[in-house]
Amino acid sequence: MVLATNLGFPRIGGQREFKKHLEAFWSGQINDSRMLEEMAKIRRGHWLLQLQAGIDHIPSGDFSLYDHMLDTAVMAGAIPARFAAPSGAVDLKTYFAMARGGPDTPALEMTKWFDTNYHYLVPELQEGQNFVVRSDKPIREFLE
């Protein structure tokens with residue numbers, strides 16, 4: 001028997017829902033919990049669409065609010081001190097500050113990685129740095 005799978009699914013949404021909700025969040029029109037709820041709806045919709053298309057192995061972990069390298073840095077606790085992130089889970093304010101910067105705080109640098117034309121954020125690592133799990137995103141999305 002042949003099984004169908006894919007490596008990931010575009011996150012933008014059929015009607016560009018992702019962009020709409022992201023911009024609403026950035027402009028203060030929706031709060032953190034509403035933003036996360038809307039993004040979960042988009043993920044669920046994508047999974048159902050793949051299921052209805054006959055995909056046997058539907059991927060999880062392919063969805064990001066901004067950048068997969070940022071997700072990995074946050075998960076490993078590689079958060080530069082200038083973002084003043086308290087211990088524990090990283091909130092959306094800190095997450096997007098790392099991606100976009102702030103009035104007095106520069107964002108993480110970007111570069112082209114993996115021989116693509118896509119710019120990824122570059123984690124800032126230091127010698128002797130201790131890594132601490134700060135996000136369970138891959139597990140949460142798998143369990144969804």
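These are my notes on Asp-67 and the salt bridges of this structure, a predicted model.

**Asp-67**

I looked up Asp-67 first. I found Asp-67 in the loop between helix H2 (32-52) and helix H3 (68-75). Asp-67 is buried but has no salt bridge. I checked for the nearest side chain of opposite charge: Arg-11, 6.6 Å away. A salt bridge needs the nitrogen and oxygen within 4 Å, so I did not count this pair.

What does the side chain of Asp-67 reach instead? I noted the backbone nitrogen of Leu-121, at 3.2 Å. A polar atom of the Asp-67 side chain also lies 2.9 Å from the backbone nitrogen of Leu-70. Leaving out residues up to four places away in sequence, I listed Tyr-95, Tyr-118, His-119, Tyr-120 and Leu-121 as touching Asp-67.

**Salt bridges**

I then turned to the salt bridges, and the count comes to ten. I looked at three pairs, starting with Glu-38 and Lys-41, whose closest N and O atoms are 3.6 Å apart. Both sit in helix H2, three residues apart, so about one helical turn separates them. Glu-38 is buried at 8% relative accessible area, while Lys-41 is partly exposed at 41%.

Next I took Lys-137 and Asp-71, with closest N and O atoms 3.8 Å apart. This pair links helix H5 (residues 137-143) to helix H3, across 66 residues. Both Lys-137 and Asp-71 are buried.

Last came Arg-82 and Glu-124, at 2.6 Å between the closest N and O atoms. Arg-82 is in the loop between H3 and helix H4 (92-100), and Glu-124 is in the loop between strand E2 (119-121) and H5. I noted Arg-82 as partly exposed at 32% relative accessibility, and Glu-124 as partly exposed at 31%.

Conventions: Residues are numbered from 1 along each chain as its sequence is written. This is a predicted model: local features need pLDDT of at least 70, side-chain atom pairs count only at pLDDT 80 or more; totals for chains, interfaces and linings use all residues. Side-chain values use heavy atoms; hydrogens and water are left out. Helices (H or I, at least four residues) and strands (E, at least two) are DSSP runs, numbered from the N terminus. Buried means under 20% relative accessible area, exposed over 50%, partly exposed in between (1.4 Å probe, protein chains only). Lys and Arg count as positive and Asp and Glu as negative; His and the chain ends are not counted. A polar contact is a pair of N or O atoms within 3.5 Å; within protein, one must be able to donate a hydrogen and the other to accept it, and residues adjacent in sequence count only if both atoms are side-chain atoms. Contact means heavy atoms within 4.5 Å.
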